[in-house]
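This report describes selected side-chain arrangements in a single protein model. The coordinates and sequence follow.

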Amino acid sequence: MPADVGLSAHRDPQVLRWLGAYGLSATGDSVYHVALTWAATRGGSAAEAGAVLAAGAVPRALLMLGGGVLADRIGPRTVVLVSDTARCLVVLGLAALLWLTTPGLWVLAAVAVVFGILDAVFMPAVGALPPRIVPRGQLARVQGLRGLAGRGATVAGAPLGGAATALSGAPAAFTAAAALFALSLPLLLTLRIAPLPPSAAENSPPGPVGSPAAERGGRLKRLAGDLADGLRYVRGHRVLGPLIVVVAVSDLGFVGPLGVGLALLAEARGWGAPGLGWLLAGFAAGSAAASLLLAVRGRIPRAGLVMGLALVTGSAAIAALALLPGLVAAVAVAALVGVLTGVSGSLCGALLQTAADPAHLGRVTSLATFVSLGLAPLSFPLTGAAVGLWDATPVFAVSALVCAAGAVYGLCSVHLRRAELPH
């Protein structure tokens with residue numbers, strides 16, 4: 001059953017267990033990526049190491065939408081439990097193999113592929129869990145808490161992975177990652193999941209029926225049908241349809257400058273690696289402040305309008321980053337970008353969870369994650385090449401215009417602009 005409506009999310013044992021499991025799993029994920037990067041770079045050339053890391057990203061992007069179907073069909077907690085258990089065993093097996101021998105890069109690539117597949121089912125399911133454990137009025141606060149946990153996992157995971165690798169090598173870091181995945185399991189097992197409301201249960205994907213042979217023959221067809229049903233649901237929804245477009249377009253303009261552009265900007269301005277670190281720290285601090293704001297307030301009135309305006313203002317701040325000659329001013333603007341995009345991102349997540357029918361939430365979450373984490377990184381090579389040709393200033397300006405175009409589209413959608421979070 002969900003928590004009592006009167007119980008704040010940050011005091012609710014249900015939320016704290018979910019948040020702890022999510023934080024441990026996200027920290028384990030960060031440690032794993034540090035260990036994988038180190039093992040790949042030590043085992044081959046830079047190009048080969050890049051191929052190993054890309055091997056995990058491809059299946060994650062391709063299978064993300066299918067992960068949402070599984071979350072709706074099987075249940076998000078079951079999917080999260082299975083994927084975290086599998087990630088623990090896979091990474092622990094790799095650690096044992098590295099302790100005993102020196103495998104080729106193909107082993108690391110194979111593990112990266114398996115891990116990417118597991119990530120594709122984990123990410124939509126973990127995002128679909130909050131509406132099953134808390135009342136709708138607490139979902140915005142939970143989004144803020146999740147943002148804080150994610151930032152904390154990044155801050156803690158990278159140094160932990162680096163320290164474990166420095167002390168005892170990559171096997172120790174992989175073992176630490178597996179232990180963090182394992183620690184999340186008892187917390188997930190103790191979550192009490194609310195059943196779907198009757199209207200949602202009627203729309204949920206049906207369970208297995210018929211003989212085993214018929215099941216094997218029709219499984220892919222049913223999964224494809226569930227996926228198509230989810231896409232039709234989003235396309236026909238007056239809030240979710242425009243919201244997915246906003247996520248896709250704005251992230252396409254946002255991710256390139258913040259993912260690759262900041263490094264190229266720091267190099268061009270002579271700020272070097274320390275300057276890049278300060279820029280990233282400013283952005284992270286601003287994003288954490290935005291998550292804290294939503295976690296404390298719990299609800300922001302006129303959420304759709306505030307989301308769009310924050311994204312438009314954040315786009316202007318992105319363009320301003322490339323115009324500033326001084327590092328101190330650039331760090332301050334990077335922090336402002338973090339605050340504004342953090343507010344818009346948190347509100348976007350809260351609106352997705354409150355507007356979606358619970359029976360479709362896994363597929364809705366997977367679609368939003370796919371257009372954000374699957375498609376948006378495609379702008380990385382384009383941004384890098386463009387900065388090399390025309391300098392950072394025009395590239396940041398064009399990226400900001402793309403990001404703002406997504407925000408303006410959302411503001412022009414009457415239903416999204418007037419969307420509210422529940423009390």
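V113 has a relative accessibility of 32% and therefore counts as partly exposed, since that class lies between the buried limit of 20% and the exposed limit of 50%. This residue of the predicted model is found in helix α4. Together with V58, L62, L63 and I117, V113 forms a nonpolar patch on the surface, and the accessible area of these residues together is about 420 Å². Two elements, α2 (46-74) and α4, each give two or more residues to the nonpolar patch. Helix α2 provides the largest share, with 3 residues.

**Aromatic pairs**

A pair of aromatic rings is described by the distance of the centres and the angle of the planes. In the predicted model, the count comes to 5 aromatic pairs. Two of them are set out below.

| Pair | Centre distance | Plane angle | Class |
|---|---|---|---|
| F115 and F181 | 6.0 Å | 45 degrees | tilted |
| F254 and F283 | 6.0 Å | 40 degrees | tilted |

Why is the pair of F115 and F181 tilted? Its planes stand at 45 degrees, so the pair falls between the limit of 30 degrees for stacked rings and that of 60 degrees for edge-to-face rings. F115 lies in helix α4 (residues 105-128) and F181 in helix α6 (residues 170-189), so this contact ties together parts that are 66 residues apart in sequence. Both F115 and F181 are buried. These two residues also belong to one aromatic cluster, which they form with Y32 and F174.

The planes of F254 and F283 are at 40 degrees, so this pair is likewise tilted. F254 is located in helix α9 (residues 240-269) and F283 in helix α10 (residues 272-297), so the pair links parts that are 29 residues apart in sequence. Are these two rings buried or exposed? F254 counts as buried at 14% relative accessibility, and F283 is buried with a relative accessible area of 12%.

**Further side-chain contacts**

An aromatic ring also takes part in a contact with a charged side chain: R87 lies over the face of F122, at 4.2 Å from the ring centre.

A polar contact is found at T27, a residue of helix α1 (residues 13-43). Its side chain reaches the backbone oxygen of G23 at 2.7 Å. With 12% relative accessibility, T27 counts as buried, whereas V113, at 32%, counts as partly exposed.

Key: Residues are numbered from 1 along each chain as its sequence is written. This is a predicted model: local features need pLDDT of at least 70, side-chain atom pairs count only at pLDDT 80 or more; totals for chains, interfaces and linings use all residues. Side-chain values use heavy atoms; hydrogens and water are left out. Rings of Phe, Tyr and Trp (its six-membered ring) pair if their centres lie within 6.5 Å; planes under 30 degrees apart count as stacked, over 60 as edge-to-face and the rest as tilted. Helices (H or I, at least four residues) and strands (E, at least two) are DSSP runs, numbered from the N terminus. Buried means under 20% relative accessible area, exposed over 50%, partly exposed in between (1.4 Å probe, protein chains only). A charge sits over a ring if NZ of Lys or CZ of Arg is within 6 Å of the ring centre and within 35 degrees of the ring normal. Patches are made of residues with over 30% relative accessible area and no salt bridge: like charges are joined within 9 Å, nonpolar side chains (Val, Leu, Ile, Met, Phe, Trp, Tyr) within 5 Å. Accessible areas come from the Shrake-Rupley method with a 1.4 Å probe; for residues, only the protein chains shown count as cover. A salt bridge is a side-chain nitrogen of Lys or Arg within 4 Å of a carboxyl oxygen of Asp or Glu. A polar contact is a pair of N or O atoms within 3.5 Å; within protein, one must be able to donate a hydrogen and the other to accept it, and residues adjacent in sequence count only if both atoms are side-chain atoms.
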